[in-house]
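User: Please take a close look at one part of this model, the open sheets and their edge strands, and then set that part in context with the confidence values and the internal cavities.

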Amino acid sequence: MKVFPALVFSCAAAGDLAAAPQALRPDVSLRRVVETGSGGGSIRLARDPTDGALYYLRRNGSIYRIRDLESGAASTQKIYAASDTGLSAPQGIAIGPEGNFYLTGNETQGANTVATVRRGARAAPGGDERAWATVARTEPYPRSNLFDHLVNGIAVSPDGRSLFVNSGARTDHGEEESQGGLFPGVREVALTAVMFRLPADGLDIVLRNDREFLHTTGYLFAEGLRNSFDPAFAPNGDLFAGENSDDRDDSEELNWIREGRHYGFPWRIGTNDTPQQFAGYDPAEDLLLNHNYIAYQRGLFHDDPAYPPAPDVEFTEPVMNLGPDADSFRDPETGAVRDASALGIAVGTFTAHRSPLGLVFDREGALGAGLEVDGFILSWTRGDPSGTPSEGPFADASEDLLHLELTRTGDAYRVRSTRIVSGFDHPIDAEIAGNRLYVLEYGGNGAVWEVTLPAAPPRALFRRGWINSDEALDLSDAVAALLYLFGGLSLSCPDAADVEDDGGVSVTDVVFLLRHLFLTGAAPPEPFAACGADPTGDAGGNDLGCARGAGCG
């Protein structure tokens, strides 16, 4: 389902304008910032962390900057064209901590696809001149001409050293897609349904259509991902991505993406096993088949004796959603649509066909009122609250912004998802800056909306590692941390004792500090060189607190 960009073209052609979005919380407000042009040309948002500038990418390869973003008279300025970036059909954009641009794109070569990752390194601080180069390029691999999700989403690691690049599936659910017999027996290939990890400073890397090569070179980070269109890093450094599922009524996923993990596609989608892999599959008895979608209409669900066996690995399950929103599912035994949270159960993760896009996190810890250091995700597909059968997600209106309250327990996360804005027109991407979240609409005339969220109260300033009150960094700070842990000492700023910035205070923080002081170990994370607020929050929603940081007033 939800092939991008083919689907979005068809939605734009419908010319179906939605009403203005509405906030669902009294402490959330919205403002239309600027129109980006009708016809569905704008597909991505990206923010430059070095100066806060907001950019949007159009599918023709042009990149625009939004000028006077915070004024009531914002405008747009074309900064780069496809002739500058070298990509005429881009799909993704990310900006690194040093201000470098990274783009993904795809081109058709005969019956094949070639994907490219490009880098635009800024020639001078604050300038628009860039040196463009190719980070990586795939070998040509077979198109399906039906479910090609292509190389699209890209995220830069917090340290700026690595790129995480999604390469979506070329099938709906692992069926043969031979392009009219040109590629007999071909389903997924080595370069599809995976997440790559590439060096940000790479140059002219060739990604071969060979799974063993991708493994041994370290370029293959994770596999079994149907289409992780928007990877994003949480404040604690964990990588997440929403997942577009198939044309069957399987749940859409949110995954914690980890190195070496297999997320199940095509053998497992949501928390369901793909039935076509089993001998004697009869689609007439499959109550999860959605007759509104092309995979059913073209007879792609069928008894399939040649379906490849699942690999001998443990699949990683998606994040389980505790509700209260976006958690409907179709009961495979009865065909009835059920609300998981109303039944006291979890679903993995979102209502089928929502198409989760635009994942962002409060990495600055700028939000308050129960939103601090949490995630937010958009939903693309228009639903029908009346429950009338449609391509939309059951009786779920969708086209909204969800607040994601993630909690880690052991080796897994759970999430509580709550709608906080409704009524967007095919929202496709988001960015966040402080307590302002920006949403790019694909539908209608195209627009960027500013969603103002409740801000965190002012936080005390401190320097990480300056634990006692003598305003010097030395052995006595390590002693103070030990006395805090084991001797009952009270600290005016426990946040300063979280030397590793993992959200808690433990002996490992003391060891980290001693290594830095006496063994040339790494410096603690910021704020360290100068006084500042904690940019990452604390583990489990706990607030270590800081009444006054040493030397910070």
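Analyst: In this predicted model, β2 and strand β31 (residues 447-452) are joined by six bridges and run in the antiparallel sense. Within that pairing, Arg32 has Trp449 of β31 as its bridge partner. The pair belongs to an open sheet of four strands, ordered β2-β31-β30-β29 and paired antiparallel. At the edges of this sheet stand β2 (29-35) and β29 (427-433), and because each has a single partner strand, one side of each is left without a neighbour in the sheet. From one strand to the next, the twist averages 25 degrees. Strands of a sheet pair through backbone hydrogen bonds, in either a parallel or an antiparallel way.

Another open sheet of four strands follows the order β3-β4-β5-β6, and its pairing is likewise antiparallel. Here the edge positions are taken by β3 (42-47) and β6 (75-80), each of which has a single partner strand, so that one side of each is left without a neighbour in the sheet. Neighbouring strands of this sheet are turned against each other by 30 degrees on average, with direction ignored. The edge strand β6 is held in register with strand β5 (residues 63-67) through five bridges, the two running antiparallel, and one position in this pairing sets Ile63 opposite Tyr80 in β6.

As for confidence, the chain has an average pLDDT of 93, and 94% of the residues score at least 70. Residues 3-16 call for more caution, since pLDDT stays under 50 over that stretch, for which the model has 25 contacts beyond four places in sequence.

Turning to the interior, the model holds two cavities of 30 Å³ or more. The second largest cavity has a volume of about 40 Å³, and its lining is made up of Ala115, Thr116, Val117, Ala136, Arg137, Thr138, Val151, Val165, Phe196 and Leu207. The elements that contribute two or more residues to this lining are β9 (112-122) and β10 (130-138). Sorted by class, the lining of the second largest cavity comprises seven nonpolar, two polar and one charged residues.

Technical notes:
Residues are numbered from 1 along each chain as its sequence is written. This is a predicted model: local features need pLDDT of at least 70, side-chain atom pairs count only at pLDDT 80 or more; totals for chains, interfaces and linings use all residues. Side-chain values use heavy atoms; hydrogens and water are left out. On a 1 Å grid over the protein atoms alone, a cavity is a set of points where a 1.4 Å probe fits but cannot get out, and a pocket is an open set with protein on both sides within 12 Å along at least five of seven lines; lining residues have an atom within 4 Å of a point. Grid points are joined across faces, edges and corners, and a volume is the space filled by probe spheres set on the points. Ala, Val, Leu, Ile, Met, Phe, Trp, Tyr, Cys and Pro count as nonpolar, Asp, Glu, Lys and Arg as charged, and the others, Gly among them, as polar. Two strands pair if DSSP finds at least two bridges between them. Axes are lines fitted to C-alpha atoms, for helices over the stretch in contact, and angles run from 0 to 180 degrees between N-to-C directions. pLDDT is the predictor's confidence in each residue, from 0 to 100. Contact means heavy atoms within 4.5 Å.
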